[in-house]
Amino acid sequence: MKKNELYVYSALSLAALIPLPGRFAYGIIVILMLYFFTVLGILFRKLSSMFFEYGLHSVLIAVMLISTSILVRQILILISPFMAFVMGVNIYVPALTAFILGNLYRKTGLSLRDSLSLGLIKCNSFSVFAVVFFLIRDILGYGTITLPCSKGLFEILVVKNNPISFLGTFWCSLPGGITLLAVLLAIIAETMKRLEILGTSRSV
């Protein structure tokens, strides 16, 4: 991961991860939607390039992604009204995230296969980060790992008599989410720095 990608992750995380409850189940929904909108955006961009000028692509893709996210929200309401209610307007953020990732790392002249490969690589990186983020918040905050289900959340208890339960409310809160985000980004930045130093020392 490059430094500019770290800044992108910071901004996208503040928008896509922080506002949601610190439960792993919501992280799964966000990640699935991110993959869906990433692939859909790439396919639609390829299709629109056959009929419209280049300058219209971004506008058309943005309209398509937002329109599709409205449809996805209605489907989620049918499957799990509770999760749809809790996610609220945050359900539209994965579409915005996919749009930003698709435009930042898009390369012209690529085949459909290469475009999908590049888009999924960037999506994979952000998804791994999101999984770790939601998993830590769920375990530290509630002592559970939650999965989505039609009735809301399916809880798997992983920590009984949690010794850090007095901090649970903190990790579930907005300040706790921001703190965890800062810690994870700091770890990634320090790891990048050490790898860069190691690579430089080997090349000398």
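**Briefing: buried charges and aromatic pairs**

At 1% relative accessibility, Phe37 counts as buried, since the cut-off for that class is under 20% relative accessible area. This value, like the others below, comes from a predicted model. The protein has 204 residues, of which 37% count as buried, and the points below take up its fold, its aromatic pairs, its salt bridges and two further buried residues, Arg137 and Asn90.

**Overall fold**

- The protein contains 8 helices and 2 strands, and along the sequence these elements follow the pattern α-α-α-α-α-α-β-β-α-α.
- Where contacts join residues at least 6 apart in sequence, 75% of them are between residues at least 24 apart.
- The accessible surface amounts to about 11500 Å², and carbon and sulfur atoms account for 71% of that area.

**Aromatic pairs**

- The structure holds 3 aromatic pairs, and one of them is formed by Phe36 and Phe37, whose ring centres are 5.3 Å apart with planes at 65°, so that the pair is edge-to-face.
- Within this pair, Phe37 is buried at 1% relative accessibility, whereas Phe36 is partly exposed, with a relative accessible area of 40%.
- The rings of Phe170 and Trp171 likewise form an edge-to-face pair, because their planes stand at 70° with the centres 5.2 Å apart.
- Phe170 counts as partly exposed at 31% relative accessibility, while Trp171, at 15%, counts as buried.

**Salt bridges around Arg23**

- The count of salt bridges comes to 2, and Arg23, Asp138 and Glu155 are linked through them in a network.
- The side chains of Asp138 and Arg23 meet in a salt bridge with an N to O distance of 3.1 Å; since Asp138 lies in helix H6 and Arg23 in the loop between helix H1 (3-16) and helix H2 (24-48), this pair ties together parts that are 115 residues apart in sequence.
- Both partners of that bridge are buried, Asp138 with a relative accessible area of 0% and Arg23 at 7% relative accessibility.
- Arg23 also meets the side chain of Glu155 in a salt bridge, at 2.8 Å from N to O, and this second pair links distant parts of the chain, with Glu155 in strand E2 (residues 152-157), 132 residues apart from Arg23 in the loop between H1 and H2.
- Glu155 counts as partly exposed, at 49% relative accessibility.

**Arg137, a buried charge without a salt bridge**

- Arg137 is found in helix H6, which covers residues 112-142.
- Although Arg137 is buried, it has no salt bridge, and the nearest side chain of opposite charge, that of Asp138, is 9.0 Å away.
- The side chain of Arg137 does reach two backbone oxygens, that of Cys172 at 3.0 Å and that of Ser173 at 3.0 Å.
- Leaving aside residues up to four places away in sequence, Arg137 touches a set of residues that includes Leu17, Ile18, Leu20 and Gly22, as well as Trp171, Cys172 and Ser173.

**Asn90 in a loop**

- Asn90 has its place in the loop between helix H4 (81-87) and helix H5 (93-104), and it is buried there, with a relative accessible area of 17%.
- Not counting residues up to four places away in sequence, Asn90 touches Pro19 and Leu20, and Leu20 is also among the residues that Arg137 touches.

Methods. Residues numbered from 1 in each chain as written. Predicted model: local features only at pLDDT ≥ 70, side-chain atom pairs only at ≥ 80, totals over all residues. Heavy atoms only, no water. Helix = DSSP H or I, 4+ residues; strand = E, 2+ residues; numbered from the N terminus. Buried < 20%, exposed > 50% of the residue type's maximum accessible area, 1.4 Å probe, protein only. Lys, Arg positive; Asp, Glu negative; His and termini not counted. Salt bridge = Lys/Arg side-chain N within 4 Å of Asp/Glu carboxyl O. Polar contact = N/O pair within 3.5 Å; in protein donor to acceptor, adjacent residues only side chain to side chain. Contact = heavy atoms within 4.5 Å. Areas by Shrake-Rupley, 256 points an atom, 1.4 Å probe, with all protein chains shown as cover. Phe/Tyr/Trp six-rings, centres within 6.5 Å; stacked < 30°, edge-to-face > 60°.
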